[in-house]
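Biologist: I'm new to this one, so could you pick a single part and walk me through it slowly? Here is what I have on screen.

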Amino acid sequence: ISVDGWTDEDHYLMHAFGSAAEADLAYERVVRLKERPLEAKGGQAILLNFTDEGSGALVRGRILRSAAVTGTGNGTGQNLGATTSGQVFVVTYRILAVSGTGSIVLQCQESQNDGSPDTYASISDLASGTLSGVGVTRKTTTAATEAWKRISVATFSGFTSVTVLVTAGLAAGS
């Protein structure tokens, strides 16, 4: 959490393991900070020690896309498992860096079998919406989804490059 994280609003906290590459396990929480003490010792780095409270369900999922994108196209499909109606499937879109000014729309797509013979189709509830700068947006659906998921760059306009990190998974308790 950066220093600008001290505001009284939701913050998206992700913990990934290993190299934090596509397909790696990730845990997501939406949090609000309850306090913000700093701990430091002379001559050493300052360490943050904060207490938070959950502002949304814990999500266990995978990194579905992690790349610098330069145009429209599709990421690699991953078998995240099918969900049934009523379960909460969550996609968190992060724009980490942009080069230039413009807009981008990311779309989570699904398939029963990685596109053959069932082609990938967009999950309308899980579209990122138009994104134009660094930030985070989270989308959910309680509709049943197919096992294979991927991220498609549906619209890419004006930017030279956009660094994206997208996680997807099931909310705890659903």
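How many of the 11 residues in strand β15 (residues 161–171) are buried?

Modeller: In β15, 9 of the 11 residues are buried, so the strand is mostly covered; buried here means under 20% relative accessible area, exposed over 50%, and partly exposed in between, with a 1.4 Å probe and protein chains only. Before we go on, keep in mind that this is a predicted model: local features need pLDDT of at least 70, side-chain atom pairs count only at pLDDT 80 or more, and totals for chains, interfaces and linings use all residues. Residues are numbered from 1 along each chain as its sequence is written, and side-chain values use heavy atoms, with hydrogens and water left out.

Now for the setting. The protein chain has 0 helices and 15 strands; both are DSSP runs numbered from the N terminus, helices being H or I with at least four residues and strands E with at least two. Of the 174 residues in the chain, 35% are buried.

Back to β15 and its partners. Strands pair if DSSP finds at least two bridges between them. β15 pairs with β6 in the antiparallel sense over 10 bridges, and Val59 stands opposite Ala171 of β15. β15 also pairs with β9, again antiparallel and over 10 bridges; there, Arg94 stands opposite Leu165 of β15.

Follow those two partners and you run into salt bridges. The structure holds 2 of them, a salt bridge being a side-chain nitrogen of Lys or Arg within 4 Å of a carboxyl oxygen of Asp or Glu. On the β9 side, Arg94 meets Glu28 with N and O 2.9 Å apart. Glu28 sits in strand β2 and Arg94 in β9 (residues 89–99), so this pair links parts of the chain 66 residues apart. Both Glu28 and Arg94 are buried.

On the β6 side, Arg65 forms a salt bridge with Glu22, the closest N and O atoms being 3.0 Å apart. Arg65 lies in β6 (residues 59–69) and Glu22 in the loop between β1 (11–16) and β2 (25–35), so the pair ties together parts 43 residues apart in sequence. Arg65 is buried, at 18% relative accessible area, while Glu22 counts as partly exposed at 26%.

Long-range links show up in the contacts too (heavy atoms within 4.5 Å): among those between residues at least 6 apart in sequence, 74% join residues at least 24 apart.
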